[in-house]
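This report looks at selected side chains in the structure shown below, beginning with aromatic residues and ending with a serine in a strand.

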Amino acid sequence: MNRVPFALLPGLVLALIFAGGTALAQQVMPDDTPMQVPAPREDTLRSPGPEEEEAELLPGRELPVFGARMFTGAFAQQPFTGFNPDYRIQIGDQVRVQLWGAVDFGEVLTVDAQGNVFLPQIGPVRVAGVRNDALTKLVRGKVQTVYRDQVGVYANLEGAQPVSVIVSGFAHRPGMYRGLSSDSILYFLDLAGGIDTQRGSFIDVRVLRGGKVRHTVSLYDFLLEGSLPSIQFADGDTVHVGPLTNTVSVEGAAYNAARFEFRGATMPAATVVGWAAPRADVTHVRVRRNNSGETTAEYLPLIALAAITLMPGDRVTLIPEDRPQLIVVGINGEHDGAKEYVVTPGTRLGTVLDQIVPSERTRFDAIQLFRLSVKERQTALLQRSLDQLEREVLAARSSTDEEASLRIREAELIQSFIARARKLEPQGLVVLGAPDEARDLYLEDGDILFLPAKSRLITIAGDVMFPTAVAWRSGASIKDYIEIAGGYTRTADTKRVLIRRANGEIKSVSVSGFGQPRPEPGDEIMVLPEPNVKNLQLAKALAQILFQLAVTTSVILDL
């Protein structure tokens, strides 16, 4: 495909497209208290500097699409009025012909339906299909068949044929737009509001004529190199924006941090990082991949990119490092020390535990860990369970009209329950058990350690008459505490209840059985509702989801 530099467009356009550069990462504190980082006992503990805060975007922040700022109306406001040498004259164009010397003639002529312009004393001259840079030579040759000497000839394309071009596919405002045959593809796309960045492709824009593809355009060539294919539009042409293809993200220390699009199943990492224009001080990269719901990460030197292949959904972070990469661990709950620690990858839980300054009320034996990757996994599993329940509800059949009426009421009830359950957010809790046994656990970026306060209370929640908290009583059983709360409601599951320990561990126990555990100070007794549906399969599925919600979200949801 022949390409010509799009030099007539102001260089300022590219500067606007790439404006914004690298987003600054900001530290999010658990409260308004300024961050305090204690004096480190090991080299792994240190305060972040300004360069580290710029190193990467906050986890989960949505990156812009590469080229998203391209279509702001600038192309539509400035139609292209010049003509490149490759432009071919077509019917309806206006051509200025000037003759002097033995003949004096000068007019602007319109190319007629036969593709000709008519010159007095000479006759029709066929110019349709002639290249713009060959127009004068063609007219001179025709004139010289009548006037051999003493006649000067000049021919110039004055105006292009007005055309109507259809913009279809994943543009913001698909429709038919007027322009000139010499206008660029960017002009018509801008008139249509540009490409829909959530659905449309920047690398698969096609120009069709009569249902056949004449040009396939990747706007990355313009964004990265400033070049566009030479396209001459005809009335009725279609500019079609294809669907978004595969994407990967590049963030961190890059001038063009963005989501990039590519064709095929894989893409060389070096190519995509080159598009992102990494800063000169980048030395390492982190590649995050999502494999069947599990997030994995590789931390590599920049020179290793040549051997790395990216797949759809991968996320690359560019890190400027003359020192180790850093991760942030938050500390919440009852303690007197810092609210946040900055450590290197590979740091174990015990290293941070040694830095925590407990208060008199800190219950150090019941520390809880909340992890983003666990939260994502819990969320996926919960949504999958709710999807399965919804399918079972919709697939339930009835043999009689009365049963059908009952099924409809049950379905409405369960659908309402599913809608409320989808709004609940798992906590991502990792039960550590005894802290001494969990000291070797590797920490991850975004981990939050929660230190509960010592408590002599027992909380009774869920399907009891009066959910409350009461003082712990030595020797009291689960049944005793439920009676203190007024006993069960009529919808309660009276066979089994949940006990949530102070460290987050949950146990399902029988109330009437022998050898049941005694509640300990700080425990929570959770009474779940019993699914009141006739379909045994649905009842079983609901019971499992109620338990899943209680464990992952600490919320007891009624039907």
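## A buried phenylalanine and its partner

In this predicted model, Phe222 has a relative accessibility of 4% and therefore counts as buried, the cut-off being under 20%. Phe75, at 5% relative accessibility, is likewise classed as buried.

The structure holds eight aromatic pairs, and one of them is formed by Phe75 and Phe222, whose rings meet edge-to-face with 6.2 Å from centre to centre and 70° between the planes. Because Phe75 belongs to helix α3 (residues 74–77) and Phe222 to helix α6 (residues 219–225), this pair ties together parts that are 147 residues apart in sequence.

## Further aromatic residues

The rings of Tyr187 and Phe188 have centres 5.3 Å apart and planes at 80°, so this pair is edge-to-face, a class that requires an angle over 60 degrees. Tyr187 is buried, with a relative accessible area of 11%, and Phe188 is buried with a value of 0%.

One aromatic cluster is made up of Phe66, Tyr220, Phe260 and Trp275.

## Ser164 in strand β7

Strand β7, which spans residues 162–169, contains Ser164. With a relative accessibility of 12%, Ser164 counts as buried, and its side chain makes a polar contact of 2.9 Å with the side chain of Arg178.

Leaving aside residues up to four places away in sequence, Ser164 touches Met176, Tyr177 and Arg178, together with Ala234, Asp235, Gly236 and Asp237.

Conventions: Residues are numbered from 1 along each chain as its sequence is written. Side-chain values use heavy atoms; hydrogens and water are left out. Helices (H or I, at least four residues) and strands (E, at least two) are DSSP runs, numbered from the N terminus. Buried means under 20% relative accessible area, exposed over 50%, partly exposed in between (1.4 Å probe, protein chains only). A polar contact is a pair of N or O atoms within 3.5 Å; within protein, one must be able to donate a hydrogen and the other to accept it, and residues adjacent in sequence count only if both atoms are side-chain atoms. Contact means heavy atoms within 4.5 Å. Rings of Phe, Tyr and Trp (its six-membered ring) pair if their centres lie within 6.5 Å; planes under 30 degrees apart count as stacked, over 60 as edge-to-face and the rest as tilted.
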